[in-house]
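Open the model in your viewer and keep the selection tool at hand. The stops below run from a single residue out to the whole chain and then to the surface.

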Amino acid sequence: MISLAFVVTCLLIIIAPGPSLAVMLTQSLRSGRAAGLATVAGNTMGLVVWATASAFGLTALVRTSEIAFVVLKVAGAVYLCWLGIQSLLRSRREPAQLAAAEQAAKRSPLASLRAGFMTNVTNPKAAVLYLALLPQFLPPDGNPLLDTFVLAAVQMALSASYYTLVVLAIGLARRLLSRPVVRRWMDRVSGLVLVGLGIRMVTLSRAAL
């Protein structure tokens, strides 16, 4: 049932830059490997929500209901802009304040888990992905509910594996990026990217999905 075409399609979608990757990069650079892995876990939890919704046909609401689509994309845009503004404000902190904030984030990865989850679960593209992608690979003579969960599990495993590798790679390079000046500029760039993604999400139309 799991075809090579399905795996390749999933990988192409996963590696395409988007809000989830941006948030994982931000969390990893700001708070370290544990925060990055917590963000990956949160993102996977969001995929579980969309997989369940897809299995029961609920994601069709995002595709067919203008109100549901607008509410979801506005919520996602607001959240991304909020994360971006936080990064921009963080770039104005003194090194000592920044170090204290990072230590607090390391002790409590819940914020990173929440960031990964909220970014995914408020992304209408994630909903449409499960609505449009999974049905194309369902066997005609199988159990639609069970087969949907199997395909979703494979997609989630691929997603979690890829993002984990990204987080681990960032962890190796983080020591080189730990200088206060470099960190300040990274916060500025990541903040602008997140705000830009939020604005882009507001302008997203259903026809573009």
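Start by selecting T148, then show A51, S54, A55, L134 and L138. T148 touches these five residues, leaving aside any up to four places away in sequence. Keep in mind that this is a predicted model.

Now colour residues 144-173. This stretch is helix α9, and T148 lies in it. Is T148 buried or exposed? T148 counts as buried because its relative accessibility is 6%, and the cut-off for buried is under 20%.

Next, zoom out and switch to cartoon. The protein has 10 helices and zero strands. Trace the chain from its start: the pattern reads α-α-α-α-α-α-α-α-α-α.

Stay with the whole chain. Of its 209 residues, 42% count as buried. How far apart in sequence are the contacting residues? Take the contacts between residues at least 6 apart: 88% of them join residues at least 24 apart.

Turn on the surface. The protein exposes about 10,600 Å². Carbon and sulfur atoms supply 71% of that area.

For the next stop, select L4, V8, L12 and I15. Together they make a nonpolar surface patch of about 390 Å².

Finish on one member of the patch, L4. Colour residues 4-15 to see helix α1, where L4 is found. L4 has a relative accessible area of 65%, so it is exposed; the cut-off for exposed is over 50%. Flip back to T148 to set a buried residue beside the exposed L4.

Notes:
Residues are numbered from 1 along each chain as its sequence is written. This is a predicted model: local features need pLDDT of at least 70, side-chain atom pairs count only at pLDDT 80 or more; totals for chains, interfaces and linings use all residues. Side-chain values use heavy atoms; hydrogens and water are left out. Helices (H or I, at least four residues) and strands (E, at least two) are DSSP runs, numbered from the N terminus. Buried means under 20% relative accessible area, exposed over 50%, partly exposed in between (1.4 Å probe, protein chains only). Contact means heavy atoms within 4.5 Å. Accessible areas come from the Shrake-Rupley method with a 1.4 Å probe; for residues, only the protein chains shown count as cover. Patches are made of residues with over 30% relative accessible area and no salt bridge: like charges are joined within 9 Å, nonpolar side chains (Val, Leu, Ile, Met, Phe, Trp, Tyr) within 5 Å. A salt bridge is a side-chain nitrogen of Lys or Arg within 4 Å of a carboxyl oxygen of Asp or Glu.
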